[in-house]
Amino acid sequence: MTNNKQMLLGLGFTGTFGTNGKAWMSEDVDIRTYPDIEADIRYAQMAEKGKFQFIFIGDFPGAVPNDNRDVPGMTLEPIITSTAILRATKHIGVANTVHTQWNTPYTVARQFKGLDLMSGGRIAWNAVTGSSPQVAENFGVTLLDRQARYESHYEFVEMVQHFWGTWGKDALKADKTRGVFADYNQVKKVYLNGRYHQANGALPMPPSPQGQPVIFHSGGSPASIAFAGRYANAMIGEVWTIEQGIETRNALRQAAIDAGRNPDEIKFIAGLMPVVADSKRKALDRHAKFMDESLVYQRVQHISMVLGIRLSPADLEKPIPHELLDRVEIDAYSDPRIENVLKVAREGWSLRDIIYHSVIDYHPVTLGEAKETADHLSEWFEAGAADGFWIIPDVFETDLARFVDEVVPILQERGVFHKDYEGNTLREHLGVPYQYGLDERLK
Ligand SMILES: Cc1cc2nc3c(=O)[nH]c(=O)nc-3n(C[C@H](O)[C@H](O)[C@H](O)COP(=O)(O)O)c2cc1C
């Protein structure tokens with residue numbers, strides 16, 4: 001079981017080839033088949049070689065890219081991908097996104113419990129409401145307002161957990177002598193009559209080695225944090241600074257306490273987009289291959305807005321003058337990425353290179369030798385800004401491989417990441433307790 005002195009690592013997986021939509025264009029990617037489940041399996045095995053505790057599969061079903069050069073996210077439905085990955089790995093867990101705004105509790109309970117049994121206790125359900133109206137349209141659903149969406153979400157998740165616990169722990173007999181397969185008196189129907197969901201029945205499936213699937217949640221709004229603190233064992237987040245990480249992790253731990261739980265049962269997982277190369281210059285050039293000029297122009301505007309300095313594409317090839325940087329004011333309303341923008345700009349890079357540093361991106365980015373990424377992870381972890389990280393590489397074939405081969409050994413050497421899997425189930429990997437049915441403390 002992990003302890004609080006060691007970080008958790010997960011692989012961010014939104015589809016084949018890499019988390020960058022243009023990963024397929026990398027010279028390292030052999031694209032003869034699309035979609036390519038064999039490649040997905042190879043990446044999962046690579047993460048397992050690096051002793052990652054889990055793979056996080058995000059999902060925005062049906063979202064069509066607006067750039068002809070991008071691969072759509074999760075071409076194969078995530079349950080399909082999870083099944084294939086779990087069959088081809090032995091230790092790593094998979095956290096699989098399924099939305100509650102357009103599914104039914106019984107189906108979700110059945111699919112995940114099946115995956116949990118099949119994998120020996122290595123599946124997590126990333127339970128999100130689904131908040132994109134465009135995605136909802138694919139299912140013919142009009143989204144509820146946020147409050148109702150979360151009320152419905154709570155009900156849905158509790159129903160799933162009720163179903164998971166319907167098979168009594170000792171119901172399975174498998175007694176050939178007496179001819180008794182199971183004592184079905186111990187398989188209890190539940191009668192669930194919520195405001196948003198209704199279902200009666202039982203799920204005739206025994207517990208897995210971890211009891212039942214782990215609950216993950218991905219988000220960051222106050223509603224998200226309250227939900228995750230109550231039901232989840234891990235929250236996949238989006239924070240850009242150590243201070244923001246500490247604040248979010250503390251809020252999450254407080255939400256767990258408010259729900260009557262032990263705060264160590266919920267892990268906060270921050271994102272990192274690492275580019276490992278032989279030098280900073282090589283990392284910048286490599287990362288730049290996935291940024292076309294239109295994105296660079298967008299980022300010029302964004303940096304201009306963040307700093308409050310008028311910048312245009314004409315300024316791309318020169319550094320931002322120090323006298324302008326010195327006049328930038330930071331206040332409570334500033335973009336959380338501003339300090340990093342200023343730090344990189346003060347190092348004297350051209351505006352183009354500042355952009356190639358990905359100072360404006362979905363998550364923090366590290367570029368350069370492996371030590372730079374290891375330092376970022378150690379520093380954040382030791383400051384209490386995260387319990388673990390989801391690693392988001394541009395291209396799995398190269399960027400994940402380099403992370404596994406070069407960053408992981410440094411973390412292991414420092415004693416902040418485990419050297420091998422200590423247990424068998426995802427709960428054991430995360431260091432969270434066995435659970436069967438609805439958490440007694442929440443009733
Ligand atoms: C890091 C991160 C990952 C997310 N992953 C997904 C996802 O895979 N699928 C999805 O539908 N929503 C995803 N979301 C959206 C959130 O679950 C949430 O709906 C959104 O942040 C809006 O907040 P709200 O639900 O409180 O309105 C993600 C959000 C964050 C911050």
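These are my notebook entries on the ligand site and on two residues, F112 and L307, in a predicted model.

**Entry 1: the shell around the ligand**

I began with the ligand and looked up which residues surround it, and I found 17 of them, with D59, R149, Y150, S218 and S221 as the closest. Sorting this shell by class, I noted five nonpolar, eight polar and four charged residues. I then asked which elements of the fold supply the shell, and found that strand β3, residues 93-99, and helix α5, residues 146-164, each give at least two residues to it. The largest share comes from α5, which supplies three residues.

**Entry 2: polar atoms at the ligand**

Next I went through side chains that place a polar atom beside an oxygen atom of the ligand. For S221, which is also listed among the closest residues of the shell, I wrote down a distance of 2.5 Å from a polar side-chain atom to a ligand oxygen. For S131 the corresponding distance is 2.8 Å, and for H99 I noted 2.9 Å, again from a polar side-chain atom to an oxygen atom of the ligand. I also looked up how much of the ligand is covered: on its own it has 610 Å² of accessible area, and the protein covers 85% of that.

**Entry 3: F112**

I turned from the ligand to F112 and located this residue in helix α3, which runs over residues 105-118. Is F112 buried or exposed? Its relative accessible area is 0%, so I entered F112 as buried, the cut-off being under 20%. Leaving aside neighbours within four places in sequence, I listed its contacts as I79, N96, V98, I123, A124, W125, W164 and P213. I also checked F112 against Y434, and these two are 322 residues apart in sequence, while their C-alpha atoms are 16 Å apart in space.

**Entry 4: L307**

My last look was at L307, which I placed in helix α9, residues 293-307. With a relative accessible area of 5%, L307 also falls under the 20% cut-off, and therefore I recorded L307 as buried. Again setting aside neighbours within four places in sequence, I found L307 in contact with I320, L325, V328, I338, V341 and L342. I followed up one of these contacts, I338, and noted that L307 and I338 are 31 residues apart in sequence and 7.0 Å apart in space, C-alpha to C-alpha.

Definitions and conventions: Residues are numbered from 1 along each chain as its sequence is written. This is a predicted model: local features need pLDDT of at least 70, side-chain atom pairs count only at pLDDT 80 or more; totals for chains, interfaces and linings use all residues. Side-chain values use heavy atoms; hydrogens and water are left out. A residue is near a molecule or strand if one of its heavy atoms lies within 4 Å of it. A polar contact is a pair of N or O atoms within 3.5 Å; within protein, one must be able to donate a hydrogen and the other to accept it, and residues adjacent in sequence count only if both atoms are side-chain atoms. Accessible areas come from the Shrake-Rupley method with a 1.4 Å probe; for residues, only the protein chains shown count as cover. Helices (H or I, at least four residues) and strands (E, at least two) are DSSP runs, numbered from the N terminus. Ala, Val, Leu, Ile, Met, Phe, Trp, Tyr, Cys and Pro count as nonpolar, Asp, Glu, Lys and Arg as charged, and the others, Gly among them, as polar. Buried means under 20% relative accessible area, exposed over 50%, partly exposed in between (1.4 Å probe, protein chains only). Contact means heavy atoms within 4.5 Å.
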